[in-house]
Amino acid sequence: MSLGGITVLTVTGASLAPGAATARSAAAALTEPVPSDRDVARAERRARERAEEVAQAKVRYAQAAGELERLAAAAALAVERYNGEKVRLARAAGAYQDAMARLAEAERRYAQARANLAAFAAEAYRAGSGSTPWPSVIAGSGGPQGAMDRAGLLEMLARRRTGFVQEVQAARNVADLFRTQAQSALAEQHAATQRALQARRAAEEAVARQQRAVQEIGAEKRRLERELDIARERADDLARRRREALRDADAAGSGSGYSQGLAVARAALRWLGTPYSWGGGTVNGPSYGIAHGARIYGFDCSGLAMYAWAKAGVHLDHWTGTQWTSGPHIPLNRLRPGDLVFYAYNTSDPGTIHHVGVYIGKGRMVEAPYTGGRVRISSIWRPGLIGATRPAG
């Protein structure tokens, strides 16, 4: 297993008391390795790759947003053109209605002209058949003057007939012209309006497609930004843990002193899951003690500390009182594996110390906790913490 970044060996399940496998799993989960320079470099490279992906996504998003703005402007222009064509269509429809009114008037005049022509023709027919006094008028006497009067009458009748014919033809031409112009103008405007409507729809569909594209690119950009945050946090965490490990190693020193502490921690971890036994423990391992009035094979807290330090070549008494004074007291921010952590009923009075644990790093210790419990890994941060000692060989 790993201890403060340094590999610590544990024994197989056969060497542990019942429940040790679970405790060993907990120990493995709580004692993470110190990241190597390669781990930190790999994490930083991953963060740079994510940053490059985010930068590319931002470029794509900016381009897509710019294209959306352009399409939105084009769509607005298409909408306004369609609006203009609708206005012109309304005007064309009004002009068509006006033309239809003029056409109705022309039709009326045409009908009237035809009626006039028919009446004139009927009158002329009657004059020719002798049913009217006109023959006598035309053929009457009166000399030269009478003849001139009769000639003027004939000329007037001819002009009248010609006028009727021309009026009928003109009314028909005007009616046809109005009909053709009005129908053509309205049809052309309908076609123009339809073209404008199709252009507007095409522009709006392009805007909708681009909006979806912008949303998709935006979602991708946000996903990559989250991945970048995670990668950066990971890289920062590894770098921080690496710095802390190196700083702790520098503070603790190197060589036999640090290795000795690791041996102590390794020895204590070997017995995870072993039952608590008051008075149990020797320099050679667990022994029979008392728990709930019965003989139990295991450790009590000071017996575990004595055994662990014996494996590093340092003799301690089986008593927290002298273990507290077995070496220099260590500030809690300078702890290293193997240091003994003590607890008292009154933290201002070392004479009330009642418990000890073996520090293994990252704020954790191995302890034989209490009657009915088993050797376990625990946090050192709890009430009664009075200080720590680094036993001297």
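**Exercise 1. Find which residues leucine 103 touches, leaving out residues up to four places away in sequence, and decide whether leucine 103 is buried or exposed.**

Solution. Begin with the contacts: once residues up to four places away in sequence are set aside, leucine 103 touches Ala175, Phe178 and Arg179. Keep in mind while you look at these contacts that the model is a predicted one. Next, place the residue in its element, and you will find that leucine 103 lies in helix α2, which covers residues 37-129. Then compare sequence and space for one of the partners: leucine 103 and arginine 179 are 76 residues apart in sequence, while their C-alpha atoms are 6.7 Å apart in space. Finally, turn to accessibility, where the cut-off for buried is under 20% relative accessible area. Leucine 103 has a relative accessible area of 8%, and therefore it counts as buried.

**Exercise 2. Work out in which helix lysine 221 lies, and whether lysine 221 is buried or exposed.**

Solution. First locate the residue: lysine 221 lies in helix α4, which covers residues 143-252. Second, list its contacts, again not counting residues up to four places away in sequence, and you obtain Ala57, Lys58 and Tyr61. Third, apply the cut-off of 20% once more: the relative accessibility of lysine 221 is 15%, so this residue counts as buried.

**Exercise 3. Carry out the corresponding steps for serine 302, stating its helix, its accessibility and its contacts.**

Solution. Serine 302 lies in helix α6. Its relative accessibility is 6%, which is under 20%, and so serine 302 is buried. When neighbours within four places in sequence are left aside, serine 302 is in contact with His318, Trp319, Thr320, Gln323 and Val356.

**Exercise 4. Describe the largest nonpolar core, and say which element gives the most residues to this core.**

Solution. Start with the members: the largest nonpolar core has 31 residues, and those that touch the most other members are Phe299, Trp309, Leu340, Phe342, Val358, Val366 and Val375. Now look for the elements that give two or more residues to this core, which are α5 (256-269), α6 (301-310), β5 (340-344) and β6 (353-361). Of the elements, α6 gives the most, with 6 residues. As background, nonpolar side chains in soluble globular proteins tend to be buried together.

**Exercise 5. State how many helices and strands the chain has, and what share of its residues counts as buried.**

Solution. Counting the elements gives 7 helices and 9 strands. Of the 393 residues in the chain, 37% count as buried. As a last step, consider contacts between residues at least 6 apart in sequence, among which 66% join residues at least 24 apart.

Note on methods
Residues are numbered from 1 along each chain as its sequence is written. This is a predicted model: local features need pLDDT of at least 70, side-chain atom pairs count only at pLDDT 80 or more; totals for chains, interfaces and linings use all residues. Side-chain values use heavy atoms; hydrogens and water are left out. A nonpolar core is a set of buried Ala, Val, Leu, Ile, Met, Phe, Trp, Tyr and Cys residues joined through side-chain atoms within 4.5 Å. Buried means under 20% relative accessible area, exposed over 50%, partly exposed in between (1.4 Å probe, protein chains only). Helices (H or I, at least four residues) and strands (E, at least two) are DSSP runs, numbered from the N terminus. Contact means heavy atoms within 4.5 Å.
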